[in-house]
Amino acid sequence: AQQRYASIRDLPAETLCGQRVKLMMNAGLMADLPSLPSSGAEGVGLFRTELQFLVRNQMPKRAELSALYARVLDAAQGQRVIFRTLDIGSDKVLPYMKPNDEPNPALGWRAIRVGLDKPGVLRMQLQALIRAANGRPLSLMFPFIAQIDEFEMARAELDKVLERETKLGHALPETLEVGTMLETPSLAFAPQRFFEMVDFVSIGGNDLKQFFFAADRENERVRRRYDTLNVSFLSFIEGIVNRCRTTKTSLSFCGEDAGRPIEALCFAAIGVETLSMRPASIGPVKHLLRRTNLKELKQVIDASREAGDQSVRDAVMDYMRQQS
Ligand code: PEP
Ligand code: MG
């Protein structure tokens, strides 16, 4: 499939109306990195760091992690890589951590909640990332931030680690961007200073959608029940776009839906600037974006909403069919 899109690999994802959409890739293993040049992705929009913790039967050592993150940065050859700090709990349980007996793990002690309550692992990981960057630019983001103080506390941990690394004589990153995942509806309504404080926002659509519709992403009976192009969800995403516009905060969408061509078009049409997806989706999404007038598509979406449709999907599909 990658071969099919080879001819547009080095071309920008520029639409017929001249809008540039940035397409990045999701990764989680060193083995994913060769896809960066072959897919034409403009960097790694989400590097999930859980796998290195999940595949062993003991906590990885700082030096090992640092070496791996350094190899990831080497392989990216100066392209941006956004590392997400450890997102465990819920569906991702560490074999060497005492399992929590939680009735609702998706709503439980997970991700940054664990990181803040037991900061040892978070600090170790932050150190490994700083040492891996070794003076190069570094981008990182925290998972599952639900309110402003969680970001502030995570940022404070980072600042403490930076200070300590300086004292130890390690090089600090040339530039450091610190962003947040937006995976709980609450964060979309955070005070404006939150959007000013973060360097970027990345919508984790898998979790955000599960909490928006109250539909477990792991439960086959309900996980496909609600359309991502449901007007409620799309308008909610548009609200996040508007909040980020007000504070000039860059916004990306990195859940699985970003790699589904029709969904990707709709997100771009309502103003999401960057989409991060599995590498194999970059070609198909770019192909479609390059053939689409997003201004017109936005009008189709608006008309469908005004008409009272539950989802804009049919209207969008009809429009796309007329275009081909
Ligand atoms: C998400 O929730 O959309 C996301 C990107 O994170 P994960 O799928 O790893 O939970
Ligand atoms: Mg998530």
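In this predicted model, the buried residues of helix α6 are F151, A154 and L158. Seen down the axis of α6, these buried residues fall within an arc of 70°, so they line one face of the helix. The face turned away from that buried side carries the exposed residues D149, D159, E163 and K167. Helix α6 itself comprises 20 residues, spanning 148–167, and reaches 29 Å from its first C-alpha to its last, which is close to the 28 Å expected at 1.5 Å a residue. Its buried residues pack against three helices and two strands, namely α4 (112–117), α5 (119–133) and α8 (192–197) together with β4 (138–142) and β5 (176–182). Just after α6, G169 takes a positive phi of about 85°.

The strands form a closed barrel of eight, running β1-β2-β3-β4-β5-β6-β7-β8 with parallel pairing, and the twist averages 25° from one strand to the next. Strand β1 (residues 22–27) is joined to β2 by three bridges, the two running parallel, and within this pair A27 has F47 of β2 as its bridge partner. Strand β2 (residues 44–48) in turn pairs with β3 in the parallel sense, again over three bridges, and here F47 is matched with F83 of β3. On the other pairing considered, β3 and β4 are likewise parallel over three bridges, with F83 standing opposite L140 in β4. F83 thus has bridge partners in β2 and in β4.

In a regular strand the side chains alternate between the two faces of the sheet. In strand β3 (residues 81–84), V81 and F83 point one way, whereas I82 and R84 point the other way, and all of these residues are buried.

Helix α3 (residues 62–76) packs on the sheet, where it touches β2 and β3, and its direction makes about 155° with that of β3. This helix has 15 residues and reaches 21 Å from its first C-alpha to its last, close to the 21 Å expected at 1.5 Å a residue. The buried residues of α3 are L65, S66, Y69, V72 and L73; they cover an arc of only 120° around the axis, which puts them on the same side of the helix. These buried residues pack against β2, α2 (51–54), β3 and α5, while the face of α3 turned away from them carries the exposed residues A63, E64 and D74. Just after α3, Q77 takes a positive phi of about 45°.

The surroundings of ligand 1 consist of L46, R48, D87, E183, G204, G205, N206, D207, C254 and G255. Strand β2 and helix α9 (205–212) each supply at least two residues of this shell, and α9 gives the most, with three residues.

A further position described here is P105, which is found in the loop between β3 and α4. P105 is partly exposed, with 17 other C-beta atoms within 10 Å, a count that lies between the limit of 12 or fewer for an exposed residue and that of 20 or more for a buried one. Leaving aside its neighbours within four places in sequence, P105 is in contact with G89, S90 and R110. The C-alpha atoms of P105 and K92, which are 13 residues apart along the chain, are separated by 9.7 Å.

Terms used:
Residues are numbered from 1 along each chain as its sequence is written. Chains are lettered from A and ligands numbered from 1 in the order in which they are written. This is a predicted model: local features need pLDDT of at least 70, side-chain atom pairs count only at pLDDT 80 or more; totals for chains, interfaces and linings use all residues. Helices (H or I, at least four residues) and strands (E, at least two) are DSSP runs, numbered from the N terminus. The expected span of a helix is 1.5 Å times one less than its number of residues. The arc is that of the directions from the helix axis to the C-beta atoms. Two residues are in contact if their C-beta atoms, placed from the backbone, lie within 7 Å. Two strands pair if DSSP finds at least two bridges between them. Axes are lines fitted to C-alpha atoms, for helices over the stretch in contact, and angles run from 0 to 180 degrees between N-to-C directions. A residue is near a molecule or strand if its C-beta atom, placed from the backbone, lies within 6 Å of it.
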